[in-house]
Amino acid sequence: MSNSLIDTAPDFNQPIAVLKHCHDRIRKQLQTLQNLLGHLPQHGADTAAQKAAEAVLKYFDTAAPMHHGDEEQDLMPMLQATARGADAALLAAVVPGILADHERMDAEWTILKSQLDKIANGVSTPLSVDDVNRFSEAYAAHMLTEETQIAPMAKRLFTDEQMELLGQAMQRRRGIVPTSAQTLADLRLDYGLASLSEEDVLANPIAQFSKWFDEALNAQVAEANAMSVATVDAEGKPTSRIVLIKQYDERGFTWYTNYDSQKGQQLAVNPNAALLFFWSEVERQVRIEGRVEKTSPEESDKYFYSRPVKSQLAALASKQSAPIGSRAQMEENYEAVAQAQGEQPKRPDYWGGYRLVPERIEFWQGRRSRFHDRIVYVRQPDGTWLKQRLQP
Ligand SMILES: Cc1cc2nc3c(=O)[nH]c(=O)nc-3n(C[C@H](O)[C@H](O)[C@H](O)COP(=O)(O)O)c2cc1C
Ligand SMILES: Cc1ncc(COP(=O)(O)O)c(CN)c1O
């Protein structure tokens, strides 16, 4: 809060205070709605009523969605990535309700908005007491939960850097360029959630991967199953792209794609490839290197037919990585394939799985001041794994 006696909005370097300030503004708008309920029967949609309706419309059409965005896209995910133990349990209990509240409040707003639009345009329509009260009560309970459960936790858990990142994200949402002369080069997070030691890791790297993968899923890492696949062309020039891992076991790490795509053509010439997972929310990276083989036609069938039919058709309709004139042309190709194949398309030979058979797997855990933990497993000629610590 500023030291001034005048009530000004807090700075974005205090993002939790900004969110509280938004709540206070919401409370004012809800009061305006109540005032309108009292005013309209006597005065109709006079100038005062029009102004009041406009103010409420402006707030809930523009500021409120940004406030919900702050919470849904930044505050909650950051908290979920940071909270442990009882805090994590509390979040698991309250966050789904908060998200559901947002949807409900949006729906309630749509109902009120059509009434307020008319009033703002000078049309003397009644404002429904029930609609106003449902909307107000939904907000009141919701804001109380956030102010008593979420805000104090964020203040307690977030580091200065996290507060700064939250404030910056909120400013970007509002189209404000951060005023602090923060340059790109200054953007950095310090890591410190966990550590990784030789004793922590399991003897088998696949089991260790499984442990970390489950932990990433539990931490609700966004698309934890997305991984980069790097391949090289005939001249040794590298390319990379994201794919979704669909299976892993002692044999290796599997994804599905088009064998005629750029990666497919490159793997046909040079089967060496590298996979990369970056799980920012848990400050972890996993690097996997090895040689790639195709999955058996039976395995590819099994996965292909498990996909939604529309995705099967899309695979049939796409010459992956080949140029095409327009989106319209793509849609035409899809329709033609859908007509020809019907509800039970057949997996084409050019679509299937690749399995990377690992020779090297590295687990990276971010630590303070860039002094990270890295443990690498290297497969030995006899099939056993040699484990080593690498310098950060
Ligand atoms: C999150 C994400 C997941 C993706 N998953 C796959 C996938 O599983 N298989 C696939 O063929 N392409 C997937 N893609 C598209 C690829 O990144 C890429 O555009 C496509 O495979 C063509 O790559 P290529 O030209 O290097 O062969 C995914 C893209 C993203 C962003
Ligand atoms: C072209 C393509 N093929 C396959 C996949 C794998 O996804 P799924 O099989 O789960 O649809 C993706 C995922 N984005 C994709 O973009």
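**Notes on the predicted model**

1. The protein has 10 helices and 8 strands. Please keep in mind while reading that this is a predicted model. Of its 392 residues, 24% are buried. Among contacts with a separation of 6 or more, 67% join residues 24 or more positions apart.

2. Let me start with the helices, and with H2 in particular. Helix H2 covers residues 47-82, helix H4 covers residues 129-157, and the two pack at an angle of about 55° with their axes 11 Å apart. That angle makes H2 oblique to H4, and the crossing is left-handed. On the H2 side the contact is made by Leu 75, Leu 79 and Thr 82, and on the H4 side by Met 153, Ala 154 and Leu 157. Sorted by class, the residues of this contact are 5 nonpolar, 1 polar and no charged.

3. Next comes H2 with helix H5 (residues 160-173): their axes come within 10 Å and cross at roughly 150°. An angle over 145 degrees counts as roughly antiparallel, and H2 and H5 are therefore roughly antiparallel to each other. Here H2 passes H5 in a right-handed crossing. From H2, the residues Met 66, Gly 69, Asp 70, Asp 74, Leu 75 and Met 78 take part, and they meet Gln 162, Leu 166, Ala 169, Met 170 and Arg 173 of H5. The class count for this contact is 6 nonpolar, 2 polar and 3 charged residues. You may like to look at Leu 75 on screen, since this residue is listed both in the contact of H2 with H4 and in that of H2 with H5.

4. H2 also packs against H3, at an angle of about 160° and with the axes 10 Å apart. These two helices are therefore roughly antiparallel to each other, and their crossing is left-handed. In the contact of H2 with H3 there are 15 nonpolar, 4 polar and 5 charged residues.

5. Between H2 and helix H3 (85-120) there is a loop, and Ala 83 has its place there. Is Ala 83 buried or partly exposed? Ala 83 has 19 C-beta neighbours inside 10 Å, while a buried residue needs 20 or more, so Ala 83 counts as partly exposed. Leaving aside residues up to four places away in sequence, Ala 83 touches Ala 88, Leu 91, Met 153 and Leu 157. Met 153 and Leu 157 are residues you have met already, on the H4 side of the contact with H2. There is also a long-range pair to view: Ala 83 and Ala 219 are 136 residues apart along the chain, and their C-alpha atoms are separated by 9.5 Å.

6. Now to the strands. Arg 355 lies in strand E6 (residues 351-365). With 22 other C-beta atoms within 10 Å, Arg 355 is buried. Which residues does Arg 355 touch, not counting those up to four places away in sequence? They are Arg 251, Gly 252, Phe 253, Thr 254, Val 292, Glu 293 and Thr 295. The C-alpha atoms of Arg 355 and Lys 294 are separated by 6.0 Å, with these positions 61 residues apart along the chain.

7. Two residues are worth a look for their backbone. Glu 283 is not a glycine, although its phi is positive, at about 55°. Glu 283 sits in the loop between strand E4 (272-279) and strand E5 (284-294), and with 19 C-beta neighbours inside 10 Å it counts as partly exposed. Ser 321, again not a glycine, has a positive phi of about 80°. The loop between helix H9 (309-317) and helix H10 (327-341) holds Ser 321, which counts as partly exposed with 14 C-beta neighbours inside 10 Å.

8. Ser 321 brings us to the ligands. Around ligand 1 there are 16 residues, of which Val 243, Thr 257, Ser 261, Gln 262 and Ser 321 come nearest. Strand E2 (238-249), strand E3 (252-258) and helix H7 (262-269) are the elements that give two or more residues to this shell. E2 gives the most, with 5 residues. By class, the shell around ligand 1 is made up of 6 nonpolar, 7 polar and 3 charged residues.

9. Which residues are around ligand 2? They are Leu 244, Tyr 256, Arg 307 and Ser 311. This shell divides into 2 nonpolar, 1 polar and 1 charged residues.

Methods: Residues numbered from 1 in each chain as written. Chains lettered and ligands numbered in written order. Predicted model: local features only at pLDDT ≥ 70, side-chain atom pairs only at ≥ 80, totals over all residues. Near = placed C-beta within 6 Å. Helix = DSSP H or I, 4+ residues; strand = E, 2+ residues; numbered from the N terminus. Nonpolar A, V, L, I, M, F, W, Y, C, P; charged D, E, K, R; others polar. Axes fitted to C-alpha atoms, helices over the stretch in contact; angles between N-to-C directions. Parallel < 35°, antiparallel > 145°, perpendicular 65-115°, else oblique. Left-handed = near helix turned anticlockwise from the far one by under 90°. Contact = placed C-beta atoms within 7 Å. Buried ≥ 20, exposed ≤ 12 C-beta atoms within 10 Å, placed from the backbone.
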